[in-house]
Amino acid sequence: MQQITAHVENNGQGLYSVYIEEDMPFGVIGDGWTIEEAKADFLESYKSACEDHLESTGDDVQVPVVFVLDLTALLYHYKNYLSLAGLSRLTGINKAQLSQYVCGRRNAKPQTIEHIKKVVQDFARDLLNDFA
């Protein structure tokens, strides 16, 4: 295993949670009121679990962690910077529907998540190109 992917979620009320889906010899989670707090909590737990595992088995399973945000966490985190009206114009998705994703009342379909991801990445690339 070269690295593990840690998924960052938001409960729609501000609490972020981090978890892994990889097959590890132990479970690790983290949480916090900001993404940074949740990541730090996760990394502290992960490091401790890896050290305990190494001590008890002699097997070093610690590998780098890559964090990815789910749609709700992304939208909630950037809600003060990306308005739902603006995101609606970019994606073509109704503002009310985006609001439901932010609050966690609805889950977007995988193709909707991919569409939003592509549109936001294209928008970010356009911004960077405009400053070049």
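**A guided walk through the chain**

Let us start with one cysteine: C103 has a relative accessibility of 29% and counts as partly exposed. In this text, buried stands for a relative accessible area under 20%, exposed for one over 50%, and partly exposed for anything in between, with a 1.4 Å probe and protein chains only. Another cysteine, C50, is buried, with a relative accessible area of 1%. How many disulfides are there by the rule used here? A disulfide is counted where a pair of cysteine sulfur atoms lies within 2.5 Å, and the count comes to 0. In general, a disulfide is a covalent bond between the sulfur atoms of two cysteines.

Before we go on, a word about the model itself. This is a predicted model, in which local features need pLDDT of at least 70 and side-chain atom pairs count only at pLDDT 80 or more, while totals for chains, interfaces and linings use all residues. Residues are numbered from 1 along each chain as its sequence is written, and side-chain values use heavy atoms, leaving out hydrogens and water.

Now for the overall plan. The chain has 5 helices and 4 strands; these are DSSP runs numbered from the N terminus, with helices being H or I runs of at least four residues and strands being E runs of at least two. Following the sequence, you meet them in the pattern β-β-β-α-β-α-α-α-α. The C-alpha trace of the chain spans about 55 × 35 × 25 Å along its principal axes. Of the 132 residues in the chain, 30% are buried. The accessible surface of the chain is about 8,600 Å², and carbon and sulfur atoms hold 50% of that area; accessible areas come from the Shrake-Rupley method with a 1.4 Å probe, and for residues only the protein chains shown count as cover. Taking the contacts in the chain with a separation of 6 or more, 42% join residues 24 or more positions apart, where contact means heavy atoms within 4.5 Å.

The helix that follows the opening strands is a good place to look next. Helix α1, residues 35-57, has 23 residues and reaches 32 Å from its first C-alpha to its last, which is close to the 33 Å expected at 1.5 Å a residue. That expected span is 1.5 Å times one less than the number of residues in the helix. Which residues of α1 are buried? They are I35, A38, F42, Y46, A49, C50 and H53. These buried residues pack against β1 (4-10), β2 (16-20), β3 (29-32), β4 (65-69) and α2 (71-77).

Take H53 from that list: H53 sits in helix α1 and is buried at 13% relative accessibility. Leaving aside neighbours within four places in sequence, H53 is in contact with P25, F26, G58, D59 and V61. G58, found just after α1, takes a positive phi of about 80 degrees.

Further along, I93 lies in the loop between α3 (84-91) and α4 (95-103). I93 is buried, with a relative accessible area of 11%. Not counting residues up to four places away in sequence, I93 touches S88, L98, T112, H115 and I116. I93 and I116 are 23 residues apart along the chain, and 8.8 Å separates their C-alpha atoms.

We finish with helix α5 and its salt bridges. The structure holds 2 salt bridges, each one a side-chain nitrogen of Lys or Arg within 4 Å of a carboxyl oxygen of Asp or Glu. One joins the side chains of D122 and K118 at 2.7 Å, N to O. D122 and K118 are about one helical turn apart, because they lie 4 residues from each other in helix α5 (residues 110-131). An α-helix has 3.6 residues a turn, so residues three or four places apart point the same way. D122 is partly exposed at 24%, as is K118 at 49%. The side chains of R125 and D122 also meet in a salt bridge, at 2.6 Å, N to O. Sharing partners, the salt bridges join K118, D122 and R125 into one network.

Helix α5 also takes part in a nonpolar surface patch of about 400 Å², made by L90, F123, L127 and F131. Patches are made of residues with over 30% relative accessible area and no salt bridge, with like charges joined within 9 Å and nonpolar side chains (Val, Leu, Ile, Met, Phe, Trp, Tyr) within 5 Å. α5 gives the most to this patch, with 3 residues. L127 lies in helix α5 and is partly exposed at 38% relative accessibility.
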